[in-house]
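Trainee: I am new to this structure. Please take me closely through one part of it, the pairing of strands in a sheet, and then show me what surrounds that part.

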Amino acid sequence: MTGEMKNQEKTQERDGPGIPAGGAVGGPPAVRIEGLWKRFGEQTAVHGVDLTLPAGHFIGLVGPNGAGKTTTLSMVTGLLRPDSGLVEIGGHDVWRDPVSVKSRIGVLPEGLRLFERLSGRELLAYIGRLRGLPGTEVDKRADQLLDVLDLSGSQHKLVVDYSTGMRKKIGLAAALLHNPEILFLDEPFEGVDPVSAQTIRGVLERYTASGATVIFSSHVMELVESLCDWVAVMAAGRIRAQGPLADVRGDAPSLQEAFLELVGARGRGAGQDLDWLGGGTR
Amino acid sequence: MSAEATAATTPLVPVFVRLKLTLLGNGVRQSPGRAVGYVASAFAGLLVAGLVVLGLIALRGNPHAGALAVLLIGILTLGWAAMPLFFPTGDETLDPTRLVMLPLRPRPLIRALMVTSLVGIGPVVTLAVATGAVISVANGVVAAVVGIAAVILVVLVCVTLARAVATASVRLLTSRRGRDLAVLGGLFIALGTQGFNLAVQRLGRPDSLPVLEPLGNALRWVPPASAISAVDDAGHGAYGRAAAGLALAVLALALLLWWWQRTLTTLMTAPDSSTLQALEKDSTRRSGGGQRGLARLLPDGRTGTVMLRMLRYAWRDPKSKMSWSTTLGFGLLMPFILSLQGNRSVYTALWAAGMLGAQMSNQFGQDTSAFWMVASTISTARDAYEELRARALTLALVGVPYLTLVAIAAAAFLGPWSAFPEVYGLSLALLGATVASGATASALFPYSIPSEGNKNTAAGQGSLVWGSFFAGVLAAAALISPLLGLTIGLHVAGLHGLLWIVLPAGAVYGLGIAALGLRLAAPRVAGRLPEILAAVSKG
């Protein structure tokens, strides 16, 4: 990141208006969340989240399993109704103005299925036409996406027979097909082999280079550190820190260290009862 | 080194039996419903077995008892062979690939798996039926001794057959095609029950047993039934034939064991199918994009896109395929089944319309959690209307020609021909009414359909499913009442010459009510997208 941010403190909770939003100075932030809550029965999954994510960045939403990342992303993308709170995407309210929002965003959710009895190509043809793109344009874009994502050889195979990496790639293609301004990816690298991961990375880097915004969740810190220039740290349904990567990392040697400190998981011993462990004799 | 020694010395049998008992126990403990289901099925199985045994004992001395006993054992064996194919998840110990990382030798493993197989309701039922079969034909001490051997052989052959079939087909069963096959298990049960019913009704009549003789004669040399006929032969002093019968059963057991061991060894040492799949070359049978063939005839935009996907799913998705085929099949058969039962009426053709229309309810449950793809493209009530209309059009595309066929067939075979216009008109109106009520139910009462296995509802949604079903039936009945009133009125007033009016009136009414239902349901769908997604993603 830029040098001016070097000496700033870690931006805890909400960041002030003084933080430069990067690429899209002046325009509305990519995502603005205020007082977002979601309870499932007794359990509070999202605990009053306030978050402002600038446009034109590669943004990582990090947190341990069960932190509320998926729940938050589902509410932001209109797939889950929040109990209370405001979500705006590019200045448009997700729940009041779905027409403006749904055409601007691309989504790759985690834990939801695709129409798996279609082939990869048929799936893209389906979702593209459903989004109202002309058929010839859909087919042209599908060709290019399948080619770039290295799926051309399997385009006529049913998605149900795809591997995890191939599913993530076809899901990414489906999310990119209508050229959204903002892309939401929930754990896009989970269970993906290194070759597919590199392909996905390449596509995402090319996409953000043109000014678009990527917001993705992950619990792999090394990945977030190498990809993102902006991060939000989530734990137990709350935002623990948000801001440019360098600020959130602060003085810690790596994002991993900073993260462990933020979520209060430092100093947990490996357990002294496992003294028999170490191979050799049984 | 010490690991090998432990593996070689630990007796496997008790470990595996304990595993099976734990799996059974955990399965039962999972939910009270499952426990009740398990106890009920165990009770039903034992009850049927008890009745069969009593019946066989009652037939003792009947000259045709041998044929029946042999036939019963034949059916039982067939059941054991088919079970692992249609219910692969029924017994988790059936899949030996789960043990592939353990240092086990084939012989002790086979012994342990065999003993494990003898634990459960199935083997007890088999034991009971085999004992009954032996009692029905055994005569004298020699026959009794042969009988004991026969019972043991029958149980062992059945159990080994099931294990060997499961092992040989485990690659298939763990693949997608195998799981698709398992979904059809429900259909298999339905057909089997119907066949069994028919057979019982036939055999319930006096003097029906001789019918079985030719079948019994053919089966008597097929193991393990040959062991049962050996008992019969031993009772009549035909010791040579008895020995041959027993020997055939023993040979079958040996061959099955050999086959099982061979496939087991191959399975445990050969690479997993997922590794092989990666090497597979994708067939590039088609190239380029765009839509070809009949798909080109579908309209542009969301309508044609959704219709194409629905039609592809009707063919490719096992759940959709099953629901379409049962709907179309039973709708066509129902009038004739009812007429066989004495309810001969041309109006039974309306069953087809009702069953077809029921396809419209829970539209989004059929999408499973992939509904998010639909939800993310619906922003307005107009989008939702187009989505629902496309689904209704898919139903009509298949349904209208089909209902025409059913109405013609009903009028031709159940008659009179003059009833055709009113039956056809009422069918179309009923289809329209069920589309309207189904679209509304899809918006207001969605529920999830598990895509694996042959269940159609996720746990805890049973009441919702039945509630939605009955509400749909009541709503459809209420919606069709004006047209029904018109038909009855014309009949009562004796204006039979005007009954043809029901046809155009039904067509127009059906179209109108369906359009109205879709219009009313669309804003509910658009406003409830997250709620629908949550409901259809359960389980």
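Mentor: Start with β6(A) and strand β7 (residues 182–186) of chain A, which pair in the parallel sense over four bridges. One residue pair shows the register: Ile105(A) has Ile182(A) in β7(A) as its bridge partner. Keep in mind that this is a predicted model.

Helix α5 (residues 164–176) of chain A packs on the sheet here, touching β6 and β7 of chain A. The direction of α5(A) makes about 165° with that of β6(A).

Now widen the view. The two strands belong to an open sheet of six, in the order β6-β7-β8-β3-β9-β10 (chain A), and the pairing is mixed. Its edge strands are β6 (105–108) and β10 (238–244) of chain A, and each of them pairs on one side only. On average, neighbouring strands of this sheet are turned by 15° against each other, direction ignored. Helix α1(A) also packs on this sheet, where it touches β3 (58–62), β7, β8 (213–218) and β9 (230–235) of chain A. The direction of α1(A) makes about 150° with that of β7(A).

Follow α1(A) to another sheet. This one is open too, with four strands in the order β2-β1-β4-β5 (chain A) and antiparallel pairing. At its edges stand β2 (43–53) and β5 (92–93) of chain A; each has a single partner strand, so one side of each is left without a neighbour in the sheet. Strand β4 (residues 84–89) of chain A runs antiparallel to β5(A), and two bridges join them. In that pairing, Ile89(A) has His92(A) of β5(A) as its bridge partner. Helix α1 (residues 69–76) of chain A packs on this sheet by touching β1 (31–40), β2 and β4 of chain A. Here its direction makes about 120° with that of β1(A). So much for the sheets.

Next, chain A as a whole. It has nine helices and 10 strands. Of its 282 residues, 49% count as buried. Take its contacts between residues at least 6 apart in sequence: 71% join residues at least 24 apart.

Then the core. The largest nonpolar core has 146 residues, and those with the most contacts inside it are Leu123(A), Ala173(A) and Val233(A). Its largest share, 13 residues, comes from helix α20 (residues 420–444) of chain B. Look at Val233(A) in turn. Leaving aside neighbours within four places in sequence, Val233(A) is in contact with Val62(A), Gly63(A), Arg240(A), Ala241(A), Val248(A), Phe259(A) and Leu262(A). Another core lies apart, with 58 residues, including Ile73(B), Val154(B), Ala242(B) and Leu246(B).

Now the meeting of the chains. Here 30 residues of chain A are in contact with 30 residues of chain B. On the chain A side, α2 (98–104), α3 (120–130) and α4 (135–148) each supply at least two residues. The largest share of that side, five residues, comes from α3(A). By type, the chain A side divides into 15 nonpolar, three polar and 12 charged residues.

Last, a stop in chain B. Helix α12 (residues 225–235) of chain B is mostly covered, with 11 of its 11 residues buried. Among them are Ala225(B), Ile228(B), Val231(B), Asp232(B) and Asp233(B). Just after α12(B), Gly237(B) takes a positive phi of about 85°.

Key: Residues numbered from 1 in each chain as written. Chains lettered and ligands numbered in written order. Predicted model: local features only at pLDDT ≥ 70, side-chain atom pairs only at ≥ 80, totals over all residues. Buried ≥ 20, exposed ≤ 12 C-beta atoms within 10 Å, placed from the backbone. Core = buried A, V, L, I, M, F, W, Y, C linked by C-beta atoms within 7 Å. Contact = placed C-beta atoms within 7 Å. Nonpolar A, V, L, I, M, F, W, Y, C, P; charged D, E, K, R; others polar. Pairing = 2+ DSSP bridges. Axes fitted to C-alpha atoms, helices over the stretch in contact; angles between N-to-C directions.
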